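I opened a fresh page for this chain and kept my notes in the order I looked things up. Here is the model I had on screen.

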Amino acid sequence: MTGPPHDDGSGTGVRVARVREQDWERVRALRLAMLADTPLAFTETIEQTRRFDEREWRRRARRGSAGTSIATYAAVGPGGDWLGTMGGVLERPGRALLVSVFVVPERRGGPVADLLLRTVLRWARDEAGADRIRLLVHEANPRAAAFYARHGFTATGRTEPYPLDPAAREIEMDRALGLGDPDAAAPTGLVGDTSAQYG
Ligand SMILES: CC(C)(COP(=O)(O)OP(=O)(O)OC[C@H]1O[C@@H](n2cnc3c(N)ncnc32)[C@H](O)[C@@H]1OP(=O)(O)O)[C@@H](O)C(=O)NCCC(=O)NCCS
């Protein structure tokens, strides 16, 4: 992505930007906050993650904008603060996976999660060429499941053991990514890079 991020037009001042290598310290801070806030939503522990060195954080940040099969986005507030993140992975031709879903607690229930999801859906359809996107949600995470349901995801009937506690299950949900899909039609100019906030 090139060019500065733009306001989404909703008057919130929240922008969505693709994550780049130079964002690695913010990626680290947000990741540690995510794992502390909602451990069951993710498949690595905060203890594991605290051991990563700068090289690993740079690698993670870099892959957010490295190619067409993976993308990570951050929601950036008017002051440059990061309010949340979501990412997409093209698992195989035509099939995308939604990952790393998080909004800071004080910005939940507002437009931030919607903006991030619409951006990933648009990426999956228009840049990655997917016609379906799936996700896995922990069975004890009804808020996330309700958010996905509102955006057209339905349970496929498939479940998997949760990797950090095989006694628990993750539920698979998916949805189509059709042409003219309003959820994947983010406003023009929504997505930029993060440079305008902090160089
Ligand atoms: C998942 C997440 C990004 C969704 O963003 P959000 O701003 O909270 O989403 P919204 O408020 O728009 O939607 C949440 C829905 O859950 C509902 N909800 C809230 N608390 C709930 C609960 N305890 N049980 C069931 N539903 C609940 C809300 O009413 C809303 O439903 P509605 O749209 O039908 O009214 C955010 O909650 C988050 O970051 N959670 C922690 C990390 C996480 O769980 N990630 C998902 C990993 S799969």
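Before turning to the hairpin I fixed one term: I call two strands paired if DSSP finds at least two bridges between them. I also reminded myself that this is a predicted model.

**Entry 1: the hairpin**

I began with the hairpin of β2 and β3, and I counted five residues between the strands. One of the residues I checked there was G80, which takes a positive phi near 90°. β2 covers residues 70-76 and β3 covers 82-92, with P78 in the loop between them. The two strands run antiparallel and are joined by seven bridges. As a register mark I wrote down Y73, which stands opposite M86 in β3.

**Entry 2: the other partner of β2**

Next I looked up how β2 pairs with β1, residues 15-18. This pairing is also antiparallel, over four bridges. Here my register mark was V16, opposite A75 in β2.

Is β2 enclosed or open? Six of its seven residues are buried, so I noted the strand as largely enclosed by the rest of the structure.

**Entry 3: P78**

Back in the loop, I asked myself: is P78 buried or exposed? I found 11 other C-beta atoms within 10 Å of P78. A residue counts as exposed at 12 or fewer, so P78 is exposed. I then took a distance from P78 to T12: their C-alpha atoms are separated by 8.3 Å, while the two residues are 66 residues apart along the chain.

**Entry 4: an unusual phi**

Which residue has a positive phi although it is not a glycine? I found S100, at about 55°. I flagged it because most residues other than glycine have a negative phi. S100 sits in strand β4. With 23 other C-beta atoms within 10 Å, S100 is buried, since the cut-off for that is 20 or more.

**Entry 5: helix α4**

I moved on to α4, residues 111-127, which has 17 residues. From first C-alpha to last I got 23 Å, close to the 24 Å expected at 1.5 Å a residue. The helix is mostly covered, with twelve of its 17 residues buried. Among them I listed V112, L116, V120 and W123, and I added that R118 and R125 are buried too. After the helix comes G129, and its phi is positive, near 75°.

**Entry 6: around the ligand**

I then turned to the ligand and found 16 residues around it. Those that come nearest are A41, R108, A113, P142 and A146. A113 was already in my notes as one of the buried residues of α4.

Where does the largest share of the shell come from? It comes from α5, which gives six residues. β4 (95-103) and α5 (142-150) each supply at least two residues of the shell. By type, I sorted the shell into ten nonpolar, three polar and three charged residues.

**Entry 7: the whole chain**

Last, I stepped back to the full chain. I counted six helices and eight strands. Read along the sequence, they follow the pattern β-α-α-α-β-β-β-α-β-α-β-β-β-α. Of the 199 residues, 35% are buried. Among contacts with a separation of 6 or more, 65% are between residues 24 or more positions apart. I closed the page there.

Key
Residues numbered from 1 in each chain as written. Predicted model: local features only at pLDDT ≥ 70, side-chain atom pairs only at ≥ 80, totals over all residues. Expected span 1.5 Å × (residues − 1). Near = placed C-beta within 6 Å. Nonpolar A, V, L, I, M, F, W, Y, C, P; charged D, E, K, R; others polar. Contact = placed C-beta atoms within 7 Å.
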